[in-house]
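Biologist: Please take a close look at one part of this model. I would like to follow a single helix and what it packs against.

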Amino acid sequence: MTATISRPRVVVYTDGACKGNPGPGGWGAWLRSGEHEKELFGGEASTTNNRMELTAVIEALASLKRSCDVAIYTDSEYVRKGITEWIHGWKKRGWTTADRKPVKNAELWQRLEALAALHHVDWHWVKGHAGDPGNERADALANRGVSAAARR
């Protein structure tokens, strides 16, 4: 008889923000597992919104200490479709797009793919700025990251 090891279940809401594109940017992630919660945020002085959206998910996954069942909620179709659909073609073409241009943020996509492989991840899109409490919280954290980056 074999024992099944259950992985912790974690719900993650992520968001990225940028004041100007490029400009000062921030990322935020709110993680919840049972009674436990964690807030993460950070920023960069000169970045893009897409880089911050990717960084939010990367930092959330990197913060997990063991393999988990993760439900990620993002308002970025760029992140959700990139990791679930587009990445397969990019890899086949040597990290180029369908029109043979280099994939933007390839190093972030590669890091995200490696981190996601450590877990069982379900990707969910949620409409941004529409009252979803988790998305609103991640957005507030991302804006804290923008403020911190702008002060540097």
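**Helix H1 and its neighbours**

Modeller: H1 and H3 are roughly parallel to each other, because the angle between them falls under 35 degrees. Bear in mind that this is a predicted model. The packing angle is about 30°. The axes of H1 (residues 49–62) and H3 (residues 106–116) lie 9 Å apart. The crossing of H1 past H3 is left-handed.

Now the residues in that contact. H1 contributes Arg51, Leu54, Thr55, Val57, Ile58, Leu61 and Ala62. From H3 come Glu107, Leu108, Trp109, Arg111, Leu112, Leu115 and Ala116. Sorted by class, this H1–H3 contact holds ten nonpolar residues, three charged and one polar.

H1 also meets the sheet. The helix lies across S1, S2, S3, S4 (69–74) and S5. Against S1, H1 runs at about 155°.

The sheet itself is open and has five strands. Their order is S3-S2-S1-S4-S5, with mixed pairing. S3 (36–47) and S5 (120–125) are the edge strands, and each of them pairs on one side only. On average, neighbouring strands are turned by 20° against each other, direction ignored.

One pair in this sheet deserves a closer look. S1 (residues 9–18) pairs with S2 (residues 23–33) in the antiparallel sense. Eight bridges join the two strands. In one of these, Thr14 has Ala29 of S2 as its bridge partner.

Definitions and conventions: Residues numbered from 1 in each chain as written. Predicted model: local features only at pLDDT ≥ 70, side-chain atom pairs only at ≥ 80, totals over all residues. Heavy atoms only, no water. Axes fitted to C-alpha atoms, helices over the stretch in contact; angles between N-to-C directions. Helix = DSSP H or I, 4+ residues; strand = E, 2+ residues; numbered from the N terminus. Parallel < 35°, antiparallel > 145°, perpendicular 65-115°, else oblique. Left-handed = near helix turned anticlockwise from the far one by under 90°. Contact = heavy atoms within 4.5 Å. Nonpolar A, V, L, I, M, F, W, Y, C, P; charged D, E, K, R; others polar. Pairing = 2+ DSSP bridges.
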